[in-house]
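Subject: Structure handed over, with notes

Dear colleague,

Please find below the structure that I said I would pass on to you. My notes on it follow, and I would be glad if you read them with the model open.

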Amino acid sequence: MVSVVRCWKAEYQKCKHSILLYMHSMIPIICAAIFAGYYHISRWELATKISAYLEVLAVAFPFLIGIIVGLVVQIENQAGHYQLLLGTIPSRMATYIGKLGFLMICAFGATFLALGTFAALYRDAPASLYLKAEILLLITMLPIYLIHLFVGMSFGKGASMGLGIAGSLIAALMITGLGDATWKYIPWAWGVRAMDYTVLAWDSPQLYAQVKTDFFSGMIISVCCTVCLLIASLVWFHGWEGGKNSE
């Protein structure tokens, strides 16, 4: 645990002068303010407004994760071609968990700002709805980070960013009927579908009762896949010797 905390501190020192912390703080606040301002003059139904905002967050996160992981990979490559990542902490597992944990802490802060700012400016929905959305967004973001860390460290910054663009496009498609039968098995669909079910449970409990089995089965699959991805990532990182290309 001490090694993991040291990794968190090291990650902060490496990133505190980069654009990463600003991305995690300014973008969520600005987006929340824009949506809340528009919704005050919009005539959409309340549930439609909340659902649209949460869907936009879930669709945007894969793209942002692609950029964030790409920048992290670039920072590591510039810091002695990953030598700080590979040689500062004796335990490879602690190093990887520390980096992943730091990214998830930043993700928690970003989602908290995005949802908290929106909830403060647009108070027509209960806080419990946003709390549930926060938890589900974090759960569904973890496998995306795991995938991007592997892609970014193996193939470089450009690969992570390209995958992020593709991931957001897939997430947007999964909102439609195309995702009804397949969303459970596609990591980029878990977040946006979880947001839809969250709003449905709040707005139409009776309708949600008819489809909640589908939601629960999807979440069980996502958690099991995330555990498998985490184990596979730790095994891969244990034998990783540095990326071949960071561009």
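A helix here is a DSSP run (H or I) of at least four residues, and helices are numbered from the N terminus. In that numbering, Leu-200 is found in helix 8. Please keep in mind throughout that this is a predicted model.

Leu-200 is a convenient place to begin. Leaving aside residues up to four places away in sequence, Leu-200 touches Pro-205, Leu-207, Tyr-208 and Val-211. Its C-alpha atom is separated by 8.6 Å from that of Ser-51, although Leu-200 and Ser-51 are 149 residues apart along the chain.

Staying with helix 8, its axis and that of helix 7 come within 8 Å and cross at roughly 40°, which makes helix 7 oblique to helix 8. The crossing of helix 7 with helix 8 is right-handed. On the helix 7 side the contact is made by Leu-163, Gly-167, Ile-170, Ala-171, Met-174 and Ile-175, and on the helix 8 side by Trp-188, Ala-189, Val-192, Arg-193 and Asp-196. Sorted by character, the residues of this contact are eight nonpolar, one polar and two charged.

Arg-193 also takes part in a salt bridge, in which its side chain meets that of Asp-180 at 2.7 Å, N to O. The two partners are 13 residues apart, with Asp-180 in the loop between helix 7 (157-175) and helix 8 (187-203) and Arg-193 in helix 8 itself. In general, side chains of opposite charge can pair when their charged atoms come close. The structure holds two salt bridges.

Turning to the earlier part of the chain, helix 2 (residues 20-41) packs against helix 5 (residues 92-121) at an angle of about 20°, with the axes 8 Å apart. Helix 2 and helix 5 are therefore roughly parallel to each other, and their crossing is right-handed. Among the residues that make this contact are Leu-21, His-24, Pro-28 and Tyr-39 of helix 2, together with Cys-106, Gly-109, Leu-113 and Phe-118 of helix 5. The contact of helix 2 with helix 5 comprises 15 nonpolar residues and five polar ones, with no charged residue.

Helix 5 also packs with helix 3 (residues 46-78), here at an angle of about 150° and with the axes 11 Å apart; this crossing, too, is right-handed. The residues of helix 3 that meet helix 5 include Tyr-53, Phe-61 and Glu-76, and those on the helix 5 side include Lys-99, Thr-111 and Phe-118. Counted by character, the contact of helix 3 with helix 5 has eleven nonpolar residues, one polar and two charged.

Finally, a word on the annotation. An unreviewed UniProt entry places the feature "transmembrane region" at residues 20-41, 53-75, 96-123, 129-151, 163-186 and 215-237. In the model, residues 53-75 are 100% helix and 0% strand, and the C-alpha atoms at the two ends are 32 Å apart. For residues 215-237 the chain is likewise 100% helix and 0% strand, with 32 Å between the end C-alpha atoms.

With best wishes

Key. Residues are numbered from 1 along each chain as its sequence is written. This is a predicted model: local features need pLDDT of at least 70, side-chain atom pairs count only at pLDDT 80 or more; totals for chains, interfaces and linings use all residues. Side-chain values use heavy atoms; hydrogens and water are left out. UniProt positions are given in the numbering used here, feature names are shortened, and annotations may be inferred rather than shown by experiment. Axes are lines fitted to C-alpha atoms, for helices over the stretch in contact, and angles run from 0 to 180 degrees between N-to-C directions. Angles under 35 degrees count as roughly parallel, over 145 as roughly antiparallel, 65 to 115 as roughly perpendicular and the rest as oblique. A crossing is left-handed if the near helix is turned anticlockwise from the far one by less than a right angle, and right-handed if clockwise. Contact means heavy atoms within 4.5 Å. Ala, Val, Leu, Ile, Met, Phe, Trp, Tyr, Cys and Pro count as nonpolar, Asp, Glu, Lys and Arg as charged, and the others, Gly among them, as polar. A salt bridge is a side-chain nitrogen of Lys or Arg within 4 Å of a carboxyl oxygen of Asp or Glu.
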